[in-house]
Amino acid sequence: MKVILEEQGLRDGLQTLSQTIPTEKKLEYLDMLIDAGIKRIQIASFVHPKLVPQMADAEEVCKKINRKPGVIYSGLVLNLKGVERGIKAGLDHLACSISASNTHSQKNARLTLDKAKQAFKEMVALAKLNNVTVRGGIQCAFGCRYEGKIKASHVLDMVDHHLDLGIDELALADSTGMGNPKELGELMQKVIERANGIPVILHLHNTENKGYVNLYAALEAGVRIFDTAFGGLGGCPFIKSATGNIATEDTTHILAQLGYETGIDIHKIARISHAMEETLGHKLPGQLYNLLDTKNIKII
């Protein structure tokens with residue numbers, strides 16, 4: 001059985017850091033990720049540099065990519081301007097994303113939910129017109145720090161909205177880490193049924209220490225594509241107390257124990273996490289990369 005992991009460390013993983021990571025260092029990490037077996041990588045977001053300074057070099061990163069066959073390089077876009085920038089930068093895969101929370105939408109994209117849905121329609125149309133593969137995303141699908149619980153019926157309405165626009169992939173994000181395995185698993189099963197063959201992706205944060213149990217619940221529901229970030233980096237600048245994604249190496253290890261194949265070398269991912277730890281000068285949220293660097297410790 002195969003599970004695909006999309007690496008988000010170079011986008012979600014860096015966007016909340018106070019320390020600027022140079023473009024050349026990002027490109028170095030990118031090559032290391034590909035060498036470790038990663039086949040899908042979100043390399044940047046096309047957002048205003050004043051709001052997310054770590055993504056100010058998005059175009060430069062795209063320009064300098066040492067492209068490898070069989071690897072999907074994608075970018076996150078939150079508005080029409082972002083789509084235009086992503087297309088001009090040469091990406092043929094864009095994650096067009098809006099929030100299920102009206103409050104978060106206004107903080108994250110400066111748009112009410114109704115206006116965001118209309119903007120999403122325009123984003124998808126422009127991307128499709130330029131032969132760009134569209135990953136349609138729904139943020140805060142399992143809870144919002146500002147509004148609390150997000151009704152499953154509301155999320156399913158947004159799923160229908162996205163699918164009706166002809167997206168190529170559908171992604172739901174537990175942006176706040178508020179999802180619980182029971183409700184998340186039930187909702188993902190319904191989403192997969194609605195998607196009717198369209199690939200469904202799940203983006204999990206470990207803010208409440210439920211990321212990995214939610215991973216298991218989603219696997220049971222039929223999800224086979226997940227977002228992860230090396231070392232468990234990540235978080236949203238517009239969500240209070242947001243913390244990192246589930247870690248790539250930790251997730252890969254769990255999946256291997258459950259009998260799933262990812263094609264990813266966790267030792268090589270761990271080296272990237274250690275390199276980032278040295279760059280930042282502090283430990284990362286992930287657990288396994290430390291074990292992999294400890295002599296006489298075995299993992300099975």
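Colleague: Which side chain does arginine 40 meet in a salt bridge?

Modeller: Glutamate 6. In this predicted model, the N to O distance for that pair is 2.8 Å.

Colleague: And where do arginine 40 and glutamate 6 lie?

Modeller: Arginine 40 is in strand 2, residues 40-45, and glutamate 6 is in strand 1, residues 4-7. The two are 34 residues apart in sequence, so the salt bridge ties together separate parts of the chain.

Colleague: Are arginine 40 and glutamate 6 buried or exposed?

Modeller: Both of them are buried.

Colleague: Which residues are linked with them in a network of salt bridges?

Modeller: Arg135, Glu169 and Asp227 join Glu6 and Arg40 in that network.

Colleague: OK, how many salt bridges does the structure hold?

Modeller: It holds 18. One of them pairs glutamate 60 with lysine 64, with the closest N and O atoms 3.0 Å apart.

Colleague: Buried or exposed, that glutamate 60?

Modeller: Partly exposed, with a relative accessible area of 35%. Its partner lysine 64 also counts as partly exposed, at 39%.

Colleague: What about lysine 283, which side chain does that one meet?

Modeller: Lysine 283 meets glutamate 277 in a salt bridge, at 3.8 Å from N to O. Lysine 283 is exposed, with a relative accessible area of 55%, whereas glutamate 277 counts as buried at 15%.

Colleague: Let's stay with charge for a second. How many positive and negative side chains does the chain have?

Modeller: There are 35 positive and 34 negative ones. The centres of the two sets lie 3 Å apart.

Colleague: Changing topic: what does the secondary structure come to?

Modeller: Eleven helices and eight strands. The radius of gyration is 18 Å, close to the 19 Å that the globule rule gives for 300 residues, so the chain is as compact as a globular protein of that length.

Colleague: What does the C-alpha trace span along its principal axes?

Modeller: About 55 × 40 × 35 Å.

Colleague: And how much of the chain counts as buried?

Modeller: Of the 300 residues, 55% do. As for the surface, the chain exposes about 13000 Å², and carbon and sulfur atoms supply 51% of that area.

Colleague: Last one. What share of the contacts with a separation of 6 or more comes from residues 24 or more positions apart?

Modeller: Those residues account for 73% of such contacts in the chain.

Note on methods: Residues numbered from 1 in each chain as written. Predicted model: local features only at pLDDT ≥ 70, side-chain atom pairs only at ≥ 80, totals over all residues. Heavy atoms only, no water. Helix = DSSP H or I, 4+ residues; strand = E, 2+ residues; numbered from the N terminus. Rg over C-alpha atoms; globule rule 2.2 N^0.38 Å. Buried < 20%, exposed > 50% of the residue type's maximum accessible area, 1.4 Å probe, protein only. Contact = heavy atoms within 4.5 Å. Areas by Shrake-Rupley, 256 points an atom, 1.4 Å probe, with all protein chains shown as cover. Lys, Arg positive; Asp, Glu negative; His and termini not counted. Charge placed at Lys NZ, Arg CZ, Asp CG, Glu CD. Salt bridge = Lys/Arg side-chain N within 4 Å of Asp/Glu carboxyl O.
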